[in-house]
Amino acid sequence: MSEIPLEDLEEYYTEQVNAYYAKQKKFLKKLVERLEKFIVELKNAIDKMRERKDTIELDEQATRYVDRFYVKVKENLDGIEVPDNPTAEGVYNLIDEIKKLFLNMNELGRKNIPRFAKEFQLELKEIDFITRKIGEQMARIDVFIRKKYEEPKQAESLSKQFPKLENVVQRIINTKTTVDKFNLDVETLSKELEDTEHGIIEIENNPLFQKQSELEKKLFDLRIEFDNKLKFRKALKKLKKKVDAGAFRGITPDKVKKYISDPYTTIVNEGETHPELTEFLIQLRYMLEQGGLNLKTDAKSKLLQNIEQIVSKGVLKPIINEYQEIKSNLQEIIDNPKQQTLYERLTELKELYSIKTQEMEHLKADATHKSTEYRYLLEKLKTDRDEIQDKVREYVNQEITVKISLKF
């Protein structure tokens, strides 16, 4: 088995096809050479007409028509290239070019020949005779290719797949380069994300931030404790409906609403003695004792006990005091210039981390897409190469391995 580098495959295969189908190709070459001979005769016949123009008397208009016919036909003839080593495809391309020539000649003849036909009867007959011979020869070639040149034709057509295989190789190289770049970018961005995350953690572990976090947790725990001390919020919802209807004098909807929506902030802001809350609860107690809210006995009893604890025993005072103290300490930290600088830096790092995280998601998606494309191309390369190797064996009876070098 021969190992043929991809870059040498076309030359090698052409040699094998020429040798394996030598008899058919030799006959095709003879047919094409005879066709070429007729084309040369046609060029000579056209030249004769131009040469004779200078030996006879023609009026200016006829001369102009002769020149136009000659120049255009000559231009078309000179554009026809006969292949030295003809293939079926090359010959059919040649025949197509000759057919275009004939169409142009017919069109030119229709417009120009009547103006000088009488003076050039012999030359025109010769041209017509040669074009007929060319047409007959093209017909012979067509019959030969269709009936006796089918196998060489198929064998020759395999060469079209070689550039496609080379294109797949180049795409693999380009795609692998892109995949490597994506992977490097992912690695670089991962390091940047890691550094950014470390920066965030470092700031969050700063004593000021630790203290701030500790105080904020204490405030959160105080809120839970505070909420557990308030048992009147459910009753306030019933009270609000009656107040909205104007059922109780001296208690406004706003007063009720603020103790429903955010009692914690409202009461703490009143201070340690919470005078407004005390007055409100005394009014609420009076309503309860007068049966104003229609509560069940058990619920009413628990609510009255809660009012007693808040108004008379001051169960909220230590919570309010602690809150105010913690809030003051927390504000000192927040107002600290160093803390503000750290907070601004922390905000910047978190925004940067968010941006880079999104960038990483897009980058990984692109890397995955390119990696999938790379694997597909590798599979396609193998399939296409195997197909070519099988066809080489089928067409020219040669066992070969196409050697492909992927240079990354």
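This is a short walk through one protein chain, from its paired strands to its salt bridges and a few single residues.

Some ground rules. The model is predicted, so to speak of local features we need pLDDT of at least 70, side-chain atom pairs count only at pLDDT 80 or more, and totals for chains, interfaces and linings use all residues. Residues are numbered from 1 along each chain as its sequence is written, and side-chain values use heavy atoms, with hydrogens and water left out.

I will use element names throughout. Helices (H or I, at least four residues) and strands (E, at least two) are DSSP runs, numbered from the N terminus.

I start with the strands. Strand β1 covers residues 2–5, and it pairs with β2 in the parallel sense over four bridges. Two strands pair if DSSP finds at least two bridges between them. One of the contacts is between Glu3 and its bridge partner in β2, Thr401. Ile4 sits in strand β1. The C-alpha atoms of Ile4 and Lys403 are separated by 5.6 Å, although the two residues are 399 apart along the chain.

Is Ile4 buried or exposed? On our terms, buried means under 20% relative accessible area, exposed means over 50%, and partly exposed is in between (1.4 Å probe, protein chains only). Ile4 has 10% relative accessibility, so Ile4 counts as buried.

Strand β2 runs over residues 400–403 and has two faces: Ile400 and Val402 are on the covered one, Thr401 and Lys403 on the uncovered one. In a regular strand the side chains alternate between the two faces of the sheet.

Just before β2 comes Asn397, in the loop between α15 and β2. The phi of Asn397 is near 55 degrees, a positive value in a residue other than glycine. Most residues other than glycine have a negative phi. Asn397 counts as exposed because its relative accessibility is 54%.

A second residue with a positive phi is His274, where the angle is near 35 degrees. His274 lies in the loop between α11 (263–270) and α12 (275–289). With 1% relative accessibility, His274 counts as buried.

Next, the charges. How many salt bridges does the structure hold? There are 30. A salt bridge here is a side-chain nitrogen of Lys or Arg within 4 Å of a carboxyl oxygen of Asp or Glu. I will go through three pairs.

One pair is Glu89 and Lys160, whose side chains meet at 3.3 Å, N to O. This pair links distant parts of the chain, 71 residues apart: Glu89 is in helix α4 (residues 88–112), and Lys160 is in the loop between α6 (150–157) and α7 (161–204). Glu89 is partly exposed at 44% relative accessibility, and Lys160 is partly exposed at 46%.

Another pair is Lys350 with Glu204, at 3.6 Å, N to O. Lys350 lies in helix α15 (residues 337–396) and Glu204 in helix α7, so the pair ties together parts that are 146 residues apart in sequence. Lys350 is partly exposed, with a relative accessible area of 42%, and Glu204 is partly exposed at 32%.

The last pair stays within one helix. Glu348 and Arg345 meet in a salt bridge at 3.4 Å, N to O. They are three residues apart in helix α15, so about one helical turn separates them. Glu348 is partly exposed at 46% relative accessibility, and Arg345 is partly exposed with a relative accessible area of 42%. Elsewhere, salt bridges that share partners join Lys37, Glu41 and Lys133 into one network.

Helix α15 also holds Ser371. Ser371 is buried, with a relative accessible area of 18%. Ser371 and Ala22 are 349 residues apart in sequence, and their C-alpha atoms are 46 Å apart in space.

I finish at the surface. Which element gives the largest share of the negative patch? It is helix α1 (residues 6–20), with five residues. The patch is formed by Glu7, Asp8, Glu10, Glu11, Glu15 and Glu166. Patches are made of residues with over 30% relative accessible area and no salt bridge; like charges are joined within 9 Å, and nonpolar side chains (Val, Leu, Ile, Met, Phe, Trp, Tyr) within 5 Å. Asp and Glu count as negative, Lys and Arg as positive, while His and the chain ends are not counted. Glu15, in helix α1, is partly exposed at 45% relative accessibility.

How values were computed: Areas by Shrake-Rupley, 256 points an atom, 1.4 Å probe, with all protein chains shown as cover. Charge placed at Lys NZ, Arg CZ, Asp CG, Glu CD.
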